[in-house]
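Trainee: I would like to learn how to read a structure feature by feature. Could you walk me through one?

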Amino acid sequence: MASSSSSLPSMEFDIDEKPHVLAVDDSLIDRKVIERLLTNSTCRVTTAENGKRALEYLGLADGQHPNHGESPNMKEIPVVVVSSENIPTRINQCMEGGAQEFLLKPLQLSDAKKLRSYVVIY
């Protein structure tokens, strides 16, 4: 399903609002689970079905300029990888590539607490 980036909601939020999380997963069910866990953990959640869509949302797709001047803060955004692949070499690659956490699916309520610790307001 193709849509223009202009139809994407803004990631801006006031300090009094809930922290905003962008959750990316190719599985609709897993996106809904992540959304439910984080929403229940006092986060505002936007979901994307793949990395390309996430980059569009952030304004980082080819030919786009970053939304709302966020680019200096992009390197500060914590990345948490959630995967069903319990492969040590893959986990190490993710961690060495800059991920702060690697969680295995299916996510549990206790994982929401771990994820919440990475949510910060910029």
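Mentor: Gladly, and let us begin with a helix. At 1.5 Å a residue, the 13 residues of helix α1 (residues 28–40) should span 18 Å, and the end C-alpha atoms of α1 are indeed 18 Å apart, which agrees. Keep in mind that this is a predicted model.

Trainee: Which residues of α1 are buried?

Mentor: A residue counts as buried under 20% relative accessible area. In α1 the buried residues are R31, I34, L37 and L38. Looking down the axis of α1, you find these buried residues within an arc of 135°, so they line one face of the helix. L28, I29, R36 and N40 are exposed on the other side of α1.

Trainee: What covers the buried residues of α1?

Mentor: The cover includes β1 (20–24), β2 (44–48) and α5. Just after α1, also look at T42, which takes a positive phi of about 60°.

Trainee: Since α5 is part of that cover, how do I read α5 itself? Which of its residues are buried?

Mentor: Use the same approach. D111, A112 and L115 are buried in α5. Viewed down the axis of α5, the buried residues fall within an arc of 110°, so they line one face of the helix. On the other side of α5 you will find L109 and K113, which are exposed. The buried residues of α5 pack against α1, β3 (80–83) and β4 (101–104).

Trainee: Where is R116 placed, and how far is it from L38?

Mentor: R116 belongs to helix α5 (residues 109–116). Sequence and space tell separate stories for this pair: R116 and L38 are 78 residues apart in sequence, and their C-alpha atoms are 7.5 Å apart in space. R116 is partly exposed, at 27% relative accessibility, whereas L38 is among the buried residues of α1.

Trainee: Now for the overall layout. How many helices and strands are there, and in what order do they run?

Mentor: The protein has five helices and four strands. Starting at the N terminus, the order is β-α-β-α-α-β-α-β-α. To see how such a chain folds back on itself, look at contacts between residues at least 6 apart in sequence: 51% of them join residues at least 24 apart.

Trainee: And what can I say about the inside and the surface of the protein?

Mentor: Of the 122 residues in the protein, 28% are buried. The exposed area is about 8,000 Å², with carbon and sulfur atoms supplying 52% of it.

Trainee: Let us turn to charged pairs. How many salt bridges are there?

Mentor: The idea is to look for a side-chain nitrogen of Lys or Arg within 4 Å of a carboxyl oxygen of Asp or Glu. That rule gives eight salt bridges. One of them joins E35 and K32, at 3.7 Å from N to O. E35 and K32 are three residues apart in helix α1, so about one helical turn separates them. As for exposure, E35 is partly exposed at 24% relative accessibility.

Trainee: Which salt bridge does E56 form, and is E56 buried or exposed?

Mentor: E56 pairs with K52, and their closest N and O atoms are 3.3 Å apart. Another bridge links the side chains of R53 and E49, at 3.9 Å from N to O. R53 is buried, with a relative accessible area of 15%, while E49 is partly exposed at 29%. Returning to the first pair, E56 and K52 lie four residues apart in helix α2 (residues 51–58), so they are separated by about one helical turn. E56 is buried, with a relative accessible area of 14%, whereas K52 is exposed, with 60%. Salt bridges that share partners join E49, K52, R53 and E56 into one network.

Trainee: One last feature, the cysteines. How many disulfides are found?

Mentor: A disulfide is a covalent bond between the sulfur atoms of two cysteines. Searching the whole structure turns up zero disulfides. You can still read the surroundings of individual cysteines: C43 is buried, at 1% relative accessibility, and C94 is partly exposed, with a relative accessible area of 21%.

Conventions. Residues numbered from 1 in each chain as written. Predicted model: local features only at pLDDT ≥ 70, side-chain atom pairs only at ≥ 80, totals over all residues. Heavy atoms only, no water. Disulfide = S-S within 2.5 Å. Buried < 20%, exposed > 50% of the residue type's maximum accessible area, 1.4 Å probe, protein only. Helix = DSSP H or I, 4+ residues; strand = E, 2+ residues; numbered from the N terminus. Contact = heavy atoms within 4.5 Å. Areas by Shrake-Rupley, 256 points an atom, 1.4 Å probe, with all protein chains shown as cover. Expected span 1.5 Å × (residues − 1). Arc of directions from axis to C-beta.
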